[in-house]
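Thanks for coming. I will go through one structure today, starting with a term and then moving along the chain.

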Amino acid sequence: MDRNPSPPPSRSEDDDEEEVAGGDCIGSTVYSKHWLFGVLSGLIQLVSPENAKSSTDAEEQQVELDEAMENEICRVWDMSMDEDVALFLQEFNAPDIFMGVLAKSKCPRLREICVGILGNMSCFQEICVSISSNKNLGQVLLHCLYDSDPPTLLETSRLLLTCLSQTQVASVWVERIWEHPAIYDSICFIMSSSTNVDLLVKVGEVVDKLFDLDEKLMLEWIRNGAAQPLDQPQEESEEQRVFRIVPCVLEAAKQIRSENLEGLDVYMHILQLLTTVDDGIQAIVQCPDTGKDTWNLLFDLVCHEFCQSDDPPIILQEQKTVLASVFSVLSAIYASQTEQEYLKIEKDLPLIDCLIRVLQNTEHCQKKPENSAESNTEDTKKSELTQDDFHLKILKDISCEFLSNIFQALTKDTVAKSLKEGQLSKQQCSRAFQNLLPFYSPVVEDFLKILREIDKTLAGDLEESFPSLKVQT
């Protein structure tokens with residue numbers, strides 16, 4: 001059966017049409033109040049003490065939801081996307097009913113639907129504020145993050161993200177998460193072990209939002225895993241397992257990389273946020289295996305998946321935000337001065353070609369069509385263009401900084417070998433200079449000094465192409 005069946009008719013066959021027209025409708029909808037009362041009453045009965053006593057093995061078994069009841073409550077789930085219905089549910093104290101179900105029911109499907117309805121209701125600001133201010137309901141909902149049922153976890157994460165995105169109540173939920181340190185373990189467990197792409201994407205969005213809202217919480221989560229010695233064997237039981245945030249983020253990114261670009265973008269942004277604090281960079285590079293895994297994954301993405309030589313330049317519009325995050329993290333690792341095999345310049349030369357190609361495509365995407373003044377007269381289109389330009393500029397700035405770091409690390413032997421093997425060429429150098437000048441002039445000048453010792457003709461040609469360098473040298 002479908003996840004969310006179509007909403008119910010406004011009345012049953014036995015209902016009197018005039019009664020429906022005379023006040024049984026919810027707000028301006030055609031949904032029936034009496035029908036909804038009946039469904040909610042049925043929910044109350046499901047978790048009533050009398051009903052619970054009738055199942056002697058309730059603690060052992062996960063109760064299956066009656067098909068008729070499932071159909072009806074799913075219809076409520078669909079209906080709750082309507083603001084009139086959501087407000088009516090709020091007025092009828094439905095959140096308290098759902099809280100009772102979540103606190104008492106062992107049925108995964110029923111729990112999923114109840115959280116889903118609350119998630120729909122939370123999309124409306126007034127209701128979101130009311131739900132968020134209910135401390136008991138907040139505790140019950142956060143406890144759902146410890147659930148083992150993926151659909152329930154997905155709906156809980158969706159509800160939490162909705163609330164964290166509301167400025168009026170975001171701080172309330174952040175504070176509650178501080179009060180429940182076990183949430184860290186639950187989220188890390190999901191990221192490191194789930195194969196449910198939708199769940200991984202939504203949990204990633206929650207983590208990304210949390211880190212963006214509260215840097216102190218991000219630092220706390222970074223340090224949670226750091227409390228365990230790096231070489232401690234993982235022989236303990238699952239309950240005693242100590243999670244580290246970076247490996248968990250990497251595992252989730254690997255799981256979704258080929259299936260969901262937006263989700264991968266989220267996880268790359270989480271890594272980027274981690275590199276904004278020193279503890280975050282150390283969490284990546286301090287453990288050699290973690291640093292290597294991070295570098296290898298991101299290196300593989302930019303060298304073999306994103307913005308390839310046979311891709312049309314316009315594809316950068318789809319990839320600009322994820323590429324900005326990836327290059328930012330790679331640049332932070334590169335600049336960390338960690339003496340690791342994976343950071344040796346000889347192995348990282350393909351990045352020069354990737355960065356130059358991204359910069360070329362960025363320039364292509366930033367060019368305005370000749371008729372742009374006529375075709376983009378609407379304010380909304382102008383706003384979209386401005387937003388695109390903003391993200392492309394960020395990508396260009398990050399790419400130039402990373403490219404300058406790589407050029408800075410080039411030695412005479414590396415440059416000579418790269419020219420001989422075709423990994424560096426006059427065309428590549430020219431394109432690199434075009435983007436690095438004038439902001440990174442010292443880096444370019446130092447590179448030219450090395451180049452003169454190896455190939456005076458090539459160095460002279462580049463100086464002719466960029467007169468400012470000839471004057472300064």
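A polar contact, as I use it here, is a pair of N or O atoms within 3.5 Å; within protein, one of the two must be able to donate a hydrogen and the other to accept it. With that in hand, take Thr 294. The side chain of Thr 294 reaches the backbone oxygen of Thr 290 at 2.8 Å. Thr 294 lies in helix 18, and it is buried, at a relative accessible area of 0%. What does Thr 294 contact, leaving aside its neighbours within four places in sequence? The list is Val 246, Leu 250, Ile 284, Val 329 and Ile 333.

Now the overall picture. Please keep in mind that this is a predicted model. The protein chain has 28 helices and 0 strands. Of its 473 residues, 48% are buried. Take the contacts between residues at least 6 apart in sequence: 75% of them join residues at least 24 apart.

One example of two residues separated in sequence is Asp 185 with Gly 225. They are 40 residues apart along the chain, and their C-alpha atoms are 9.8 Å apart in space. Asp 185 belongs to helix 12, residues 182-193. Its relative accessible area is 33%, so Asp 185 counts as partly exposed.

Next, helix pairs. I have three of them.

The first pair is helix 4, residues 67-79, with helix 7. Their axes are 9 Å apart and the packing angle is about 20 degrees. Angles under 35 degrees count as roughly parallel, and helix 4 and helix 7 are therefore roughly parallel to each other. Their crossing is left-handed. On the helix 4 side, the residues that meet helix 7 are Glu 70, Ile 73, Cys 74, Val 76 and Trp 77. On the helix 7 side they are Arg 109, Glu 112, Ile 113, Gly 116, Ile 117 and Asn 120.

Glu 112 deserves a second look. It sits in helix 7, residues 108-121. Is Glu 112 buried or exposed? Its relative accessible area is 3%, so Glu 112 is buried. The side chain of Glu 112 also makes a polar contact of 3.0 Å with the side chain of Arg 109. Both Glu 112 and Arg 109 appear in the list of helix 7 residues that meet helix 4.

The second pair is helix 13, residues 197-213, and helix 15, residues 245-256. Here the axes are 10 Å apart and the angle is about 140 degrees. That makes helix 13 oblique to helix 15, since only angles over 145 degrees count as roughly antiparallel. Helix 13 and helix 15 also cross in a left-handed way. Helix 13 contributes Val 197, Leu 200, Val 201 and Phe 211 to the contact. Helix 15 contributes Ile 245, Ala 252, Gln 255 and Ile 256.

The third pair is helix 21, residues 350-366, with helix 25. The two axes come within 10 Å and cross at roughly 60 degrees, and helix 21 and helix 25 are therefore oblique to each other. The crossing is left-handed. From helix 21, the contact uses Asp 353, Ile 356, Leu 359, Gln 360 and Glu 363. From helix 25, it uses Gln 428, Arg 431, Ala 432, Gln 434 and Asn 435.

Let me turn to a single helix. Which residues of helix 11, residues 170-179, are buried? They are Ala 170, Trp 173, Val 174, Arg 176 and Ile 177. These residues cover an arc of only 160 degrees around the axis, which puts them on the same side of helix 11.

Last, three places in the loops.

Asn 93 is in the loop between helix 5 (83-91) and helix 6 (94-104). Its phi is near 60 degrees, a positive value in a residue other than glycine. Asn 93 counts as partly exposed, because its relative accessibility is 46%.

Cys 307 is in the loop between helix 18 (288-304) and helix 19 (316-334). Cys 307 is not a glycine either, and its phi is positive, at about 45 degrees. In contrast to Asn 93, which is partly exposed, Cys 307 is buried, with a relative accessible area of 1%.

The third place is Pro 438, in the loop between helix 25 (426-436) and helix 26 (441-454). The peptide bond leading from Leu 437 into Pro 438 is cis, and its omega is near 5 degrees.

That is what I had to show.

Terms used
Residues are numbered from 1 along each chain as its sequence is written. This is a predicted model: local features need pLDDT of at least 70, side-chain atom pairs count only at pLDDT 80 or more; totals for chains, interfaces and linings use all residues. Side-chain values use heavy atoms; hydrogens and water are left out. Helices (H or I, at least four residues) and strands (E, at least two) are DSSP runs, numbered from the N terminus. Buried means under 20% relative accessible area, exposed over 50%, partly exposed in between (1.4 Å probe, protein chains only). The arc is that of the directions from the helix axis to the C-beta atoms. Axes are lines fitted to C-alpha atoms, for helices over the stretch in contact, and angles run from 0 to 180 degrees between N-to-C directions. Angles under 35 degrees count as roughly parallel, over 145 as roughly antiparallel, 65 to 115 as roughly perpendicular and the rest as oblique. A crossing is left-handed if the near helix is turned anticlockwise from the far one by less than a right angle, and right-handed if clockwise. Contact means heavy atoms within 4.5 Å.
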